[in-house]
Amino acid sequence: MEQYRERLSVPVSWWIIATAAVITLYVITAVPAGVIAGAAVGGVAAILLLTLFTRYGGAVVAVDSTKLRAGRAAIEREYVGKAEPLSGEDARNAFGRDCDPKAYLVLRSYLPGAVRVEITDPQDPAPYWLIATRHPEQLAAALTADSVARS
């Protein structure tokens with residue numbers, strides 16, 4: 001049973017900006033080159049943006065009784081150590097100047113919070129995972145509750 005699940009989808013404002021961009025491309029192409037050319041350019045731009053936003057915003061963070069999944073990676077809960085919720089300046093610094101180059105990152109610039117998850121597996125080269133999230137306290141709590149590493 002999942003204790004936490006979040007899809008890191010892009011914000012609505014990005015979709016609004018993308019729609020405005022597609023309309024603009026359509027107009028600036030259709031006026032000099034015709035409606036068909038405008039529709040082709042606008043259609044290609046719409047498909048590219050839809051694909052990009054869906055893939056980038058399709059990352060899932062999930063915690064269940066056996067695994068932590070973040071983006072394309074998963075790790076057994078027995079190798080999950082301390083989970084530290086971060087917000088504001090602490091989250092920005094964690095992804096920036098304080099970031100270990102060996103850490104596994106799930107970064108989404110539009111999310112205000114993050115959780116730093118210590119990795120206790122001696123075979124894993126990443127000392128920690130840094131996961132962007134809308135709900136750092138809830139994700140950290142899900143990782144702390146019933147954690148195999150703390151038992």
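Glutamate 6 and arginine 134 form a salt bridge, with their closest N and O atoms 3.8 Å apart. Keep in mind as you look at it that this is a predicted model. Glutamate 6 sits in strand S1, while arginine 134 is in the loop between strand S8 (128–133) and helix H4 (136–144), so this pair ties together parts that lie 128 residues apart in sequence. The two partners don't get the same cover: glutamate 6 counts as buried because its relative accessibility is 6%, which is under 20%. Arginine 134, at 32%, counts as partly exposed.

**More salt bridges**

How many salt bridges does a search of the whole structure find? The count is eight. Besides the pair above, here are two that share arginine 69, with the distance taken from N to O.

| Pair | Distance |
|---|---|
| Arginine 69 and glutamate 2 | 3.1 Å |
| Aspartate 64 and arginine 69 | 3.4 Å |

The bridge between arginine 69 and glutamate 2 links distant parts of the chain: arginine 69 belongs to strand S3 (residues 67–70) and glutamate 2 to strand S1, with their positions 67 residues apart. Is aspartate 64 buried or exposed? With a relative accessible area of 13%, aspartate 64 is buried. Arginine 69 is partly exposed at 26%, and glutamate 2 is partly exposed too, at 34%. Put these residues together with one further arginine and you get a network of salt bridges linking Glu2, Arg5, Asp64 and Arg69.

Strand S1 (residues 2–7) also holds glutamine 3. Glutamine 3 has a relative accessibility of 32%, so it counts as partly exposed. If you want a sense of distance, try glutamine 3 and aspartate 121: they are 118 residues apart along the chain, and their C-alpha atoms are separated by 22 Å.

**Helix H4**

Now follow the chain past arginine 134 into helix H4 (136–144). Which residues of H4 are buried? They are Pro136, Leu139, Ala140, Ala142 and Leu143. Around the axis they cover an arc of only 160 degrees, which puts them on the same side of H4. That side has plenty to pack against: S1, strand S2 (60–64), S3, strand S5 (80–87), strand S7 (113–119) and S8.

**Helix H2**

Next up is helix H2, which runs over residues 35–56. H2 has 22 residues and reaches 31 Å from its first C-alpha to its last, close to the expected 32 Å. Its buried residues are Gly38, Gly42, Ala45 and Phe53. Look down the axis of H2 and you'll find them within an arc of 65 degrees, so they line one face of the helix. There's a simple rule behind this sort of pattern: an α-helix has 3.6 residues a turn, so residues three or four places apart point the same way.

What covers the buried residues of H2? The cover includes helix H1 (12–33). Turn to the face away from that buried side and you'll see the exposed residues Ile36, Val44, Ile47, Leu48 and Arg55.

Alanine 39 is in helix H2 as well. At 44% relative accessibility, alanine 39 counts as partly exposed. Isoleucine 23, meanwhile, is found in helix H1. Computed along the sequence, alanine 39 and isoleucine 23 are 16 residues apart, and in space their C-alpha atoms are 9.5 Å apart.

**A nonpolar patch**

Isoleucine 23 brings us to the surface. Together with Leu25, Tyr26, Val27, Ile28, Val31, Val35 and Val41, Ile23 makes a nonpolar surface patch of about 690 Å². Both H1 and H2 supply at least two residues of this patch. Which helix gives the most? That would be H1, with six residues.

**Around glycine 71**

One last stop is glycine 71, in the loop between S3 and strand S4 (73–76). Its relative accessibility of 35% makes glycine 71 partly exposed. Leaving aside residues up to four places away in sequence, glycine 71 touches Ala59, Val60, Tyr104 and Val106. You can also check glycine 71 against leucine 107: the two are 36 residues apart in sequence, and C-alpha to C-alpha they are 9.6 Å apart in space.

Technical notes: Residues numbered from 1 in each chain as written. Predicted model: local features only at pLDDT ≥ 70, side-chain atom pairs only at ≥ 80, totals over all residues. Heavy atoms only, no water. Helix = DSSP H or I, 4+ residues; strand = E, 2+ residues; numbered from the N terminus. Expected span 1.5 Å × (residues − 1). Buried < 20%, exposed > 50% of the residue type's maximum accessible area, 1.4 Å probe, protein only. Arc of directions from axis to C-beta. Contact = heavy atoms within 4.5 Å. Patch = residues over 30% accessible without salt bridge, like charges linked within 9 Å, V, L, I, M, F, W, Y side chains within 5 Å. Areas by Shrake-Rupley, 256 points an atom, 1.4 Å probe, with all protein chains shown as cover. Salt bridge = Lys/Arg side-chain N within 4 Å of Asp/Glu carboxyl O.
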